[in-house]
Amino acid sequence: MNAIKSLPDRIKGFLKMSGDYSRAAEYLTQNGYDEEYINMLRAAMEKAPKGRRQEEGKALIAQGLLFKGDLTAAAEAFGECEIKKLSRSLGHVFVNNYILCLFLTDKFKEINELYEKHNALVLGESSVVMRRTIGIREFIARRYENAVTVFVKAVSTDDRRSVLMIDICLVRAMLRLDMFDRAREIAQKSFPAYYGRGELTELIRKTEMRIESGARKNAGGRKHGRKNGQKRT
């Protein structure tokens with residue numbers, strides 16, 4: 001079963017969905033992130049009062065596009081939302097997911113700028129999405145061992161509703177350490193859940209190719225005394 005479609009009903013609490021957006025939340029728990037879900041959010045947003053409620057709709061749409069796999073559209077939608085108008089709890093989730101979107105599209109400079117500007121909001125709650133951001137920051141700083149440690153702890157949480165795409169982050173960090181065998185194990189187990197999701201699937205396929213290419217080269221390197229997991233220089 002697709003991991004997204006099996007999300008518990010608590011997903012609407014995780015995304016802070018209420019009021020005009022509750023119907024879309026119920027649809028999400030049954031059908032996952034698809035075009036109909038995005039359309040429902042847009043329809044609800046048009047009827048919502050101007051101000052905070054409409055900005056909440058923009059935030060939910062941006063995150064919906066991200067998890068649907070439309071990375072380009074998601075990045076644009078994230079940038080259109082006025083973060084200061086969001087409630088603190090929704091803003092916390094939104095900003096951390098914004099950082100994830102930027103990470104998946106390799107916009108590291110923008111991540112640092114967003115993190116510095118909204119540092120208090122990013123770190124405002126002790127959540128899985130916050131810990132994912134800490135791992136991303138370690139990755140950007142090229143502290144890949146630290147990033148792997150943070151991602152492993154985050155992805156092992158029992159709170160399955162909010163670990164989405166941490167496995168992708170973990171594999172990316174492992175590849176920087178030439179941990180191809182372990183990255184392959186995680187990818188084979190987790191990545192099929194992301195198939196059929198547009199640009200995200202393209203990213204996954206490219207990552208899988210890097211794993212296999214690296215594993216072959218690493219196997220040759222081990223014949224000459226190089227160890228799997230040795231950091232690249």
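Start at R142, which sits in the loop between α9 (128–140) and α10. This is a predicted model, and in it R142 has a positive phi of about 65° even though it isn't a glycine. That's worth a second look, since most residues other than glycine have a negative phi. As for its surroundings, R142 has 61% relative accessibility, and anything over 50% is called exposed, so R142 counts as exposed.

Now follow the chain into α10 and out the other end. The loop between α10 and α11 holds M165, another residue other than glycine with a positive phi, this time near 75°. Is M165 buried or exposed? Its relative accessibility is 0%, so M165 counts as buried.

The two helices flanking that loop pack against each other. Helix α10 covers residues 144–155 and helix α11 covers residues 166–176, and they meet at an angle of about 155° with their axes 9 Å apart. An angle over 145° is the cut-off here, so α10 and α11 are roughly antiparallel to each other. The crossing of α10 over α11 is left-handed. On the α10 side, the contact uses Y144, A147, V148, F151, V152, A154 and V155, while α11 brings I166, D167, C169, L170, A173, M174 and R176. Sort those residues by class and you get 12 nonpolar, no polar and 2 charged.

Time to step back for the overall picture. The protein has 13 helices and 0 strands, so to speak an α after α after α: read along the sequence, the pattern is α-α-α-α-α-α-α-α-α-α-α-α-α. Of the 233 residues in the protein, buried ones make up 52%. Looking at contacts between residues at least 6 apart in sequence, 61% of them join residues at least 24 apart.

Helix α4 is a good place to go next. Running over residues 52–68, α4 has 17 residues and reaches 24 Å from its first C-alpha to its last, close to the 24 Å expected at 1.5 Å a residue. How many of the 17 residues of α4 are buried? The count is 14, so α4 is largely enclosed by the rest of the structure. Right after the helix comes G69, with a positive phi near 105°.

Two of the helices that pack against α4 are α3 and α6. Take α3 (residues 35–47) to begin with: α3 and α4 pack at an angle of about 170°, and their axes are 9 Å apart. At that angle, α3 and α4 are therefore roughly antiparallel to each other. From α3 come E35, Y37, I38, L41, R42, M45 and E46, and they meet Q54, G57, K58, L60, I61, G64, L65 and K68 in α4. By class, this contact has 7 nonpolar, 3 polar and 5 charged residues.

With α6, the geometry reads as follows: α4 and α6 pack at an angle of about 35°, with axes 10 Å apart. Here α4 passes α6 in a left-handed crossing. The residues involved are E56, A59, A62, Q63, L66 and F67 of α4, along with L90, V93, F94, N97, L100, C101 and L104 of α6. That contact breaks down into 10 nonpolar, 2 polar and 1 charged residues.

While you're on α4, have a look at E55, which is found in this helix. With a relative accessibility of 4%, E55 counts as buried. Leaving aside residues up to four places away in sequence, E55 touches E80, C81, E82, K85 and L86. Another residue to pick out is S87, in the loop between α5 (71–80) and α6 (88–104). S87 and E55 are 32 residues apart in sequence, and their C-alpha atoms are 9.8 Å apart in space. Which side of the burial cut-off does S87 fall on, buried or exposed? Its relative accessible area is 19%, and the limit for buried is under 20%, so S87 counts as buried.

Finish the walk at Q188, in helix α12 (residues 180–190). At 58% relative accessibility, Q188 counts as exposed. If you measure from Q188 to E208, which is 20 residues away along the chain, the C-alpha atoms are separated by 8.8 Å.

Terms used. Residues numbered from 1 in each chain as written. Predicted model: local features only at pLDDT ≥ 70, side-chain atom pairs only at ≥ 80, totals over all residues. Heavy atoms only, no water. Axes fitted to C-alpha atoms, helices over the stretch in contact; angles between N-to-C directions. Helix = DSSP H or I, 4+ residues; strand = E, 2+ residues; numbered from the N terminus. Parallel < 35°, antiparallel > 145°, perpendicular 65-115°, else oblique. Left-handed = near helix turned anticlockwise from the far one by under 90°. Contact = heavy atoms within 4.5 Å. Nonpolar A, V, L, I, M, F, W, Y, C, P; charged D, E, K, R; others polar. Buried < 20%, exposed > 50% of the residue type's maximum accessible area, 1.4 Å probe, protein only. Expected span 1.5 Å × (residues − 1).
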